[in-house]
Amino acid sequence: MKLLKSLLAGFAGAAALNILHESARHLDADAPRIDLLGEEALSKSMDSLNLEAPRGNDLYLATLAGDIISNGLYYSAIGLGDRKNIYLKGAIAGITAGLGAISIPDKIGLDDTPVTKTDKTKILTVAWYVIGGLVTAAVFNRLKKA
């Protein structure tokens, strides 16, 4: 039962993160564009396997699905340990994911501009992953009480 609650909470955090990303990118030119980074990663990965990458809206949807699944599984680890300090664990998981999102892409051959364009973009990238971690912690905390 704890695993199921952890997964539900993790996917809630991932959904919150993606809703935030998708909403803000339409409103602010400096908003992180994790979608563009994901599309590049998926396209390059498929090309390296000699597979045809999806294009247009199919690429966007495949990337979005991959992002929700990977972040949902990542965030679900927040609830697998002791419930003590769950919000601190959520914040640390978010900081770690956000810092990874801005520091790893260029090291693996991706264009990091969508998440490092400005200092504001970098700060928002990390902040939004922290929000995803905190949403996960809040949902898990609530589910544990149910």
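The paragraphs below go through a predicted model, beginning with its largest pocket and passing on to its salt bridges, a residue of helix α4 and an aromatic pair.

The largest pocket has a volume of about 540 Å³. Its lining is made up of 25 residues, and those closest to the centre of the pocket are I34, L37, G38, A41 and D67. Several helices take part in this lining, since at least two residues come from each of α1 (residues 2-24), α2 (34-48), α3 (56-76) and α4 (86-103). Among the contributors, α3 gives the most, with seven residues. Sorted by class, the residues lining the largest pocket comprise 13 that are nonpolar, nine that are polar and three that are charged.

From the pocket we turn to charged side chains. In general terms, side chains of opposite charge can pair when their charged atoms come close. Over the whole structure, a search finds seven salt bridges, and three of these pairs can be followed individually.

One of them joins R33 to D35, with 2.7 Å between the closest N and O atoms. The two partners fall into separate accessibility classes: R33, at 24% relative accessibility, counts as partly exposed, whereas D35, at 7%, counts as buried because its value lies under the 20% limit.

A second salt bridge links K107 with D106, and here the closest N and O atoms are 4.0 Å apart. K107 is exposed, its relative accessible area being 66%, while D106, with a relative accessible area of 44%, is partly exposed. The figure for D106 does not pass the 50% above which a residue is called exposed, and therefore D106 belongs to the class in between.

The third pair is D119 with K122, whose closest N and O atoms lie 3.9 Å apart. Both residues belong to helix α6 (residues 119-145), and because they are three residues apart in that helix, about one helical turn separates D119 from K122. D119 is exposed, with a relative accessible area of 56%, whereas K122 counts as partly exposed at 32% relative accessibility. Salt bridges can also share partners, and in this way E22, R25, R33 and D35 are joined into one network. The R33 and D35 pair described above, with its 2.7 Å separation of the closest N and O atoms, thus has both of its residues in that network.

Helix α4, already met as a contributor to the lining of the largest pocket, is also the place of A91. With a relative accessible area of 17%, A91 is buried, because this value is under the 20% limit. Leaving aside residues up to four places away in sequence, A91 touches V130 and L134. By contrast, L3 lies 88 residues from A91 in sequence, and the C-alpha atoms of these two residues are 20 Å apart in space.

The last feature concerns aromatic side chains. A pair of aromatic rings is described by the distance of the centres and the angle of the planes. The structure holds one aromatic pair. Y74 and Y75 form this pair, with 5.7 Å from centre to centre and 55° between the planes, an arrangement classed as tilted. The angle explains the label, because planes from 30 to 60 degrees apart count as tilted. As for accessibility, Y74 is partly exposed, with a relative accessible area of 33%, whereas Y75 is buried, with a relative accessible area of 0%.

Terms used:
Residues are numbered from 1 along each chain as its sequence is written. This is a predicted model: local features need pLDDT of at least 70, side-chain atom pairs count only at pLDDT 80 or more; totals for chains, interfaces and linings use all residues. Side-chain values use heavy atoms; hydrogens and water are left out. On a 1 Å grid over the protein atoms alone, a cavity is a set of points where a 1.4 Å probe fits but cannot get out, and a pocket is an open set with protein on both sides within 12 Å along at least five of seven lines; lining residues have an atom within 4 Å of a point. Grid points are joined across faces, edges and corners, and a volume is the space filled by probe spheres set on the points. Helices (H or I, at least four residues) and strands (E, at least two) are DSSP runs, numbered from the N terminus. Ala, Val, Leu, Ile, Met, Phe, Trp, Tyr, Cys and Pro count as nonpolar, Asp, Glu, Lys and Arg as charged, and the others, Gly among them, as polar. A salt bridge is a side-chain nitrogen of Lys or Arg within 4 Å of a carboxyl oxygen of Asp or Glu. Buried means under 20% relative accessible area, exposed over 50%, partly exposed in between (1.4 Å probe, protein chains only). Contact means heavy atoms within 4.5 Å. Rings of Phe, Tyr and Trp (its six-membered ring) pair if their centres lie within 6.5 Å; planes under 30 degrees apart count as stacked, over 60 as edge-to-face and the rest as tilted.
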